[in-house]
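Here are a few exercises to work through with the coordinates loaded in your viewer. Try each task before you read its solution.

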Amino acid sequence: QVPLVESGGGLVQTGGSLRLSCAGSGRTLNTYIMGWFRQAPGKEREFVAAITWNGGSTSYTDSVKGRFTVSRDNAKNTVYLQMNSLKPEDTAVYYCAASRAPGPTRYAPLYDYWGQGTQVTVSS
């Protein structure tokens, strides 16, 4: 097991920013691909961003490119998602996940461990 704990969600106005954190509890994350997914009410879970174990490569879904940045601090065993210029359509529960895939995959079934999620609400 790789317990993952997300934090940093909340309510923000359109155009605002939030930084989500995902901390590994009890096990190091530095050998895993780390991903962020989100699920809005009535919609399927979707890929947001992913990062390789050393931060050398990242991947984003098109709708967040230029606004969101995924990063990691292996010394702190934590992964981050900086979200800027937030829009109402970014409203969702955001999940972090860990994968042993060879690269920053968008494919949810390749992620072995998931956090409990943190709510992000963007008001118009």
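A disulfide is taken here as a pair of cysteine sulfur atoms within 2.5 Å. Keep in mind that this is a predicted model.

**Exercise 1. The disulfide**

Task: Find which cysteines form a disulfide, and work out which parts of the chain the pair ties together.

Solution:
- Step 1. Apply the cut-off to the sulfur atoms: the count comes to 1 disulfide.
- Step 2. Identify the partners. They are Cys22 and Cys96, with sulfur atoms 2.0 Å apart, which is within the 2.5 Å limit.
- Step 3. Look along the S-S bond. The angle about this bond is 60°, and the link of Cys22 and Cys96 is right-handed.
- Step 4. Place the partners in the fold. Cys22 belongs to strand E3 and Cys96 to strand E9, so the pair ties together parts 74 residues apart in sequence.
- Step 5. Check accessibility. Cys22 has 0% relative accessibility and therefore counts as buried; Cys96, also at 0%, counts as buried too.

**Exercise 2. The nonpolar cores**

Task: Determine how many residues the largest nonpolar core has and which elements give two or more residues to it.

Solution:
- Step 1. Recall the background: in soluble globular proteins, nonpolar side chains tend to be buried together.
- Step 2. Count the members. The largest core has 29 residues, and Leu4, Met34, Trp36, Leu81, Met83 and Tyr94 have the most contacts inside it.
- Step 3. Assign them to elements. Two or more residues come from each of E3, E4, E5 (46-51), E7 (68-73), E8 (78-83), E9 (92-99) and E11 (118-123). E9 gives the largest share, with 4 residues.
- Step 4. Look for another cluster. A second, separate core has 6 residues, among them Ile33, Phe37, Ala50 and Ala97.
- Step 5. Zoom in on one member of the largest core. Beyond its neighbours within four places in sequence, Met83 has contacts that include Leu18, Leu20, Phe68, Tyr94 and Val120.

**Exercise 3. A network of charges**

Task: Trace which residues are linked with Arg38 in a network of salt bridges.

Solution:
- Step 1. Start from the total: the structure holds 4 salt bridges.
- Step 2. Take Arg38 and Glu46, whose closest N and O atoms are 2.6 Å apart in a salt bridge. Arg38 counts as buried because its relative accessibility is 5%, whereas Glu46, at 34%, is partly exposed.
- Step 3. Follow Arg38 to Asp90, a salt bridge with an N to O distance of 2.9 Å. Arg38 sits in strand E4 and Asp90 in the loop between E8 and E9, 52 residues apart.
- Step 4. Go on from Asp90 to Arg67, where the closest N and O atoms of the salt bridge are 2.7 Å apart. Arg67 lies in the loop between E6 (58-60) and E7, 23 residues from Asp90, and both of these residues are buried.
- Step 5. Join the pairs: Arg38, Glu46, Arg67 and Asp90 are linked in a network of salt bridges.

**Exercise 4. An arginine without a salt bridge**

Task: Arg72 is buried yet has no salt bridge. Find which backbone oxygens lie by its side chain.

Solution:
- Step 1. Locate Arg72 in strand E7.
- Step 2. Search for opposite charge. The nearest such side chain is that of Asp73, 8.5 Å away, while a salt bridge needs a distance within 4 Å.
- Step 3. Turn to the backbone. A polar atom of the Arg72 side chain lies 2.8 Å from the backbone oxygen of Thr52, and one lies 3.3 Å from that of Trp53.

Terms used: Residues numbered from 1 in each chain as written. Predicted model: local features only at pLDDT ≥ 70, side-chain atom pairs only at ≥ 80, totals over all residues. Heavy atoms only, no water. Core = buried A, V, L, I, M, F, W, Y, C linked by side-chain atoms within 4.5 Å. Buried < 20%, exposed > 50% of the residue type's maximum accessible area, 1.4 Å probe, protein only. Contact = heavy atoms within 4.5 Å. Lys, Arg positive; Asp, Glu negative; His and termini not counted. Polar contact = N/O pair within 3.5 Å; in protein donor to acceptor, adjacent residues only side chain to side chain.
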